[in-house]
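Me: I've got a protein and some DNA on my screen, and I keep tripping over the terms people use for them. Can you walk me through a few?

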Number of protein chains: 2
Amino acid sequence: MSSPAGFQPVHRESTSSLITRALREGIMNGRLPAGAQLSEAGLAAEFGVSRGPLREAMQRLVQEGLVRSELNRGLFVKELDEAEIRDLYLTRTAIETAAAYTLAHSARASEGAQRLRERAAAMAEAVAAGDLNALADADFAFHEELVSLSGSPRLHRVHETLMVETRMCMTALQETYFDPEDQVAEHSRIAEAIAAGDDEGLRREIEEHMQEALDRLVRAGHQG
Amino acid sequence: MSSPAGFQPVHRESTSSLITRALREGIMNGRLPAGAQLSEAGLAAEFGVSRGPLREAMQRLVQEGLVRSELNRGLFVKELDEAEIRDLYLTRTAIETAAAYTLAHSARASEGAQRLRERAAAMAEAVAAGDLNALADADFAFHEELVSLSGSPRLHRVHETLMVETRMCMTALQETYFDPEDQVAEHSRIAEAIAAGDDEGLRREIEEHMQEALDRLVRAGHQG
DNA sequence: CATCTCCGGATTGTTGACAATCTTCACAGG
DNA sequence: CCTGTGAAGATTGTCAACAATCCGGAGATG
């Protein structure tokens with residue numbers, strides 16, 4: 001047994017890590033709405049653990065910036081005003097552009113582009129089925145796949161937080177897709193720019209895509 | 001007292017936040033070298049607190065990616081191999097490029113460029129004095145200022161972690177500046193590109209600057 | 001010699017209790 | 001009416017003890 005191969009170290013997760021993910025999920029889907037206080041006793045009871053591990057998980061969320069801490073008062077889900085939403089999309093643009101660049105210049109560029117085409121196709125199916133919820137899921141899956149394919153652990157970690165914030169926004173504003181067909185087309189163009197290795201086009205497509213998504217969100221915020 | 005103005009909410013910091021910063025500092029300057037285990041009992045005794053707040057601080061570092069957690073075994077300062085260092089600089093390039101862009105297109109572009117010129121001048125002074133340690137400090141101060149001036153809380157938060165990792169690398173590899181004069185010149189060119197609003201030049205200067213810094217680090221890693 | 005078992009010591013994970021702080025409300029005084 | 005006081009209740013911050021797990025070596029067994 002001296003030259004083993006093919007096995008990865010078993011991945012066991014700590015309690016605080018599990019709770020962190022559950023809380024992130026709650027923030028995304030609006031079960032923990034913006035501005036809400038995270039009650040230690042209440043949440044600990046729900047998760048069936050004591051306050052210790054729960055506090056550790058909440059400190060992770062503070063570090064992520066999803067939660068704001070007020071000393072001796074409690075932790076509150078961060079509220080995103082317009083300036084924050086703009087900053088969110090500024091950062092998303094930076095991260096996803098870098099990820100797309102890296103992918104486009106990597107050996108797996110064409111394979112990656114294919115994977116993204118499939119994600120875009122899934123979006124098209126959702127549109128055809130008239131399922132706007134599935135469209136939103138496929139939309140997020142596309143962007144997560146894009147960053148995953150870059151192979152960068154740092155871009156991936158940062159992006160994960162940004163996606164939670166994006167979903168939180170969309171949930172809060174009940175935003176719906178104005179022109180679903182165009183949504184699919186924008187994503188397809190990004191995939192094709194990666195396949196073609198078109199740096200300038202890639203940057204332009206992502207920039208425009210983000211700008212439009214941001215405008216939609218800001219408009220929805222002004223109306224809602 | 002109904003229309004007060006000019007006061008900001010008092011900023012009190014939690015214990016875990018203070019400890020987090022102290023630990024980050026330790027990772028940067030090599031007091032907690034890569035691969036070292038963070039002993040809960042030992043560190044708690046040093047800080048004069050119980051293990052509770054200390055564990056909360058350590059979970060923040062896990063979320064930041066500065067520390068790796070092995071279940072029931074402990075927390076260890078993350079070790080950076082060549083692939084990780086490349087990823088670090090990839091991410092730094094993404095963040096700092098976005099920050100520079102934002103600053104260059106903002107109303108405070110010229111003011112910001114001036115601040116950066118002053119930082120570059122401080123680097124030049126360090127070089128003239130032959131103080132390579134002060135040069136390193138001024139170098140980091142330039143990049144921190146650049147991201148701060150962007151006004152983006154997200155870019156700033158991410159960048160903070162990246163700077164810790166960068167310093168950790170340089171400390172571990174005992175890297176020294178090969179051509180200090182050129183270092184100053186590279187930074188000056190970035191400041192001038194911001195002042196001129198030269199997007200393309202800005203991207204090129206930052207890209208080259210990062211690439212050279214990365215190459216230096218990788219070479220130092222191969223030799224050390 | 002290699003392997004298995006078991007044990008002691010050390011470290012981490014978790015818990016419940018205690019101390020400190022904040023919030024809310026009622027109430028007295030100017 | 002506005003301000004200040006004080007106590008009750010609830011929540012957060014901290015701690016020390018307990019349980020679970022891991023690591024090392026001693027010793028037995030084949």
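Reply: Sure, let's go through the DNA contacts and then the pocket, keeping in mind that this is a predicted model.

Me: What makes A:Arg12 a polar contact of DNA strand D?

Reply: A polar side-chain atom of A:Arg12 is 3.0 Å from a phosphate oxygen of DNA strand D. The cut-off for a pair of N or O atoms is 3.5 Å, so this pair counts.

Me: How do you know that A:Asn72 makes a polar contact with DNA strand D, and which part of the residue is involved?

Reply: Here a backbone N or O atom sits 3.4 Å from a phosphate oxygen of DNA strand D. That is within 3.5 Å, so A:Asn72 passes too. From chain B, the side chain of B:Arg73 has an N or O atom 3.0 Å from a phosphate oxygen of the strand.

Me: Which part of DNA strand D lies within 4 Å of the protein, sugar and phosphate or bases?

Reply: Of the strand's atoms within 4 Å of the protein, 74% belong to sugar or phosphate, and the rest to bases.

Me: Why are 7 residues near DNA strand D called charged?

Reply: Asp, Glu, Lys and Arg count as charged, so 7 residues there are of those kinds. The others are 3 nonpolar and 7 polar.

Me: And what makes up the lining of the largest pocket?

Reply: It has 46 lining residues, with A:Ala94, A:Thr97, A:Ala98, B:Ala94 and B:Thr97 nearest the centre. The pocket holds about 1300 Å³ of space. Its lining has 19 nonpolar, 14 polar and 13 charged residues.

Definitions and conventions:
Residues numbered from 1 in each chain as written. Chains lettered and ligands numbered in written order. Predicted model: local features only at pLDDT ≥ 70, side-chain atom pairs only at ≥ 80, totals over all residues. Heavy atoms only, no water. Near = heavy atom within 4 Å. Polar contact = N/O pair within 3.5 Å; in protein donor to acceptor, adjacent residues only side chain to side chain. 1 Å grid on protein atoms, 1.4 Å probe; cavity = no way out; pocket = protein on both sides within 12 Å on 5 of 7 lines; lining within 4 Å. Points joined across faces, edges and corners; volume = space filled by probe spheres on them.
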